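Visitor: I would like a close look at a single part of this model, followed outward into its surroundings. Please begin with one residue and let the rest of the chain come in where it helps.

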Amino acid sequence: MLPKQENYSLARRLAVEGLLRSNLQERATRAGAWYEQSRDGEVRVRFRYLARELLVSFPQGTIETLNGQGPIPLREEILILHYLEKASGAPLADRWASFSDIPGGGFYNPVFLMRCKSPLIKFFGEAPEALLSVAKEVGGEPLNLGDVGVKIPAFPFVPLALVLWRGDVEFPAEGSILFDASVNEYLPVEDTVILAETVVWKMIKIGNRR
């Protein structure tokens, strides 16, 4: 087994190589991204990811954040490249689905609950209103679901919904993470787990700063 960092580096390299074998202009269009090719042959693809403006340049596959928004961790770079690689251009279903309801989600559901749903409830369950202000920092907006809900546009065609229900003397706080039912057109199911985990822990980190 390769060490984790080497695994990530390999996954990143394979994603870049796969994109270079594809029609990058078509990839950009299907991902809801802006495309530009310079005279020297460099291709630049630009789109938003969790309220950050990204510029992905080929053939190197480098990922930059614009407006001084800081670097992207390697794990998230792989997620971004996989989104570009898989995006089908399918329209949003405009229907929320639980993780277990998306194709392949049932198999990974125990991992999803442990790594994504449980931390969300543990941190925000006692004060769900905090979710509203924290979500703004990742592009979120209020959503009329549960006692407190937010919609977060992670990628141009991949929104998430985070939903909380307050606890009482009989029942503990509860929560849910939902996806547009078209999410499998844009991310492999394993990356859907990583995206949800990334969003939840970014919000926990923001909450801890306050």
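Guide: A suitable starting point is Val 200, which lies in helix H6, and it should be said at once that the model is a predicted one. Val 200 counts as buried because its relative accessibility is 0%, where the cut-off for burial is under 20%. Leaving aside the neighbours within four places in sequence, Val 200 is in contact with Cys 116, Pro 119, Leu 120 and Ile 177. Its separation from Val 169 gives another kind of reference: the two residues are 31 apart in sequence, and their C-alpha atoms are 26 Å apart in space.

The helix that carries Val 200 also has a part in the interior of the chain. The largest nonpolar core has 60 residues, and those touching the most other members are Phe 47, Phe 155, Ile 177, Leu 195 and Met 203. Helix H6, which spans residues 189–209, gives the most to this core, with 10 residues. Ile 177 therefore appears twice in this account, as a contact of Val 200 and as one of the core residues that touch the most other members. Leu 195, another of those well-connected core residues, is in contact with Tyr 49, Leu 79, Ala 154, Phe 155, Val 158, Leu 160 and Leu 187, when neighbours within four places in sequence are left aside. Phe 155, one of these partners of Leu 195, is itself named among the core members that touch the most others.

From Val 200 a second path leads by way of Leu 120, a residue that Val 200 contacts and that Ser 176 touches as well. Ser 176 is found in strand E9, residues 174–180, and it counts as buried at 18% relative accessibility, a value that falls under the 20% cut-off. Apart from residues up to four places away in sequence, Ser 176 touches Leu 120, Ala 161, Leu 162, Val 163 and Trp 165.

Ala 161 in turn links this path to Leu 143, since Ala 161 is touched by Ser 176 and is also among the residues that Leu 143 touches, the others being Trp 96, Gly 149, Val 150 and Lys 151, with residues up to four places away in sequence not counted. Leu 143 lies in the loop between strand E6 (141–142) and strand E7 (148–155), and at 22% relative accessibility it counts as partly exposed. Between Leu 143 and Ala 93, which are 50 residues apart along the chain, the C-alpha separation is 17 Å.

Elsewhere, a buried alanine offers a further view of the interior. Ala 28 lies in helix H2, residues 24–30, and is buried, with a relative accessible area of 0%. Ala 28 touches Ala 33, Tyr 35 and Val 45, again without counting residues up to four places away in sequence. Ala 28 and Gly 89 are 61 residues apart in sequence, yet their C-alpha atoms are 9.3 Å apart in space.

Some details of the backbone also deserve attention. Most residues other than glycine have a negative phi, and most peptide bonds are trans. Against that background, Ala 51 has a positive phi of about 70°; this residue is found in the loop between strand E2 (43–49) and E3, and is partly exposed, with a relative accessible area of 22%. Asp 94 likewise has a positive phi, of about 55°, and is found in the loop between helix H3 (74–86) and strand E5 (96–98), where its relative accessible area of 70% makes it exposed. The peptide bond from Phe 58 to Pro 59 is cis, with omega near 25°, and Pro 59 lies in the loop between strand E3 (52–58) and strand E4 (62–65).

These parts belong to a protein chain with 6 helices and 9 strands. Its radius of gyration is 18 Å, close to the 17 Å that the globule rule gives for 210 residues, so the chain is as compact as a globular protein of that length. Of the 210 residues, 46% count as buried, and among contacts between residues at least 6 apart in sequence, 58% join residues at least 24 apart.

Methods. Residues are numbered from 1 along each chain as its sequence is written. This is a predicted model: local features need pLDDT of at least 70, side-chain atom pairs count only at pLDDT 80 or more; totals for chains, interfaces and linings use all residues. Side-chain values use heavy atoms; hydrogens and water are left out. Helices (H or I, at least four residues) and strands (E, at least two) are DSSP runs, numbered from the N terminus. The radius of gyration is taken over C-alpha atoms; the globule rule is 2.2 Å times the number of residues to the power 0.38. Buried means under 20% relative accessible area, exposed over 50%, partly exposed in between (1.4 Å probe, protein chains only). Contact means heavy atoms within 4.5 Å. A nonpolar core is a set of buried Ala, Val, Leu, Ile, Met, Phe, Trp, Tyr and Cys residues joined through side-chain atoms within 4.5 Å.
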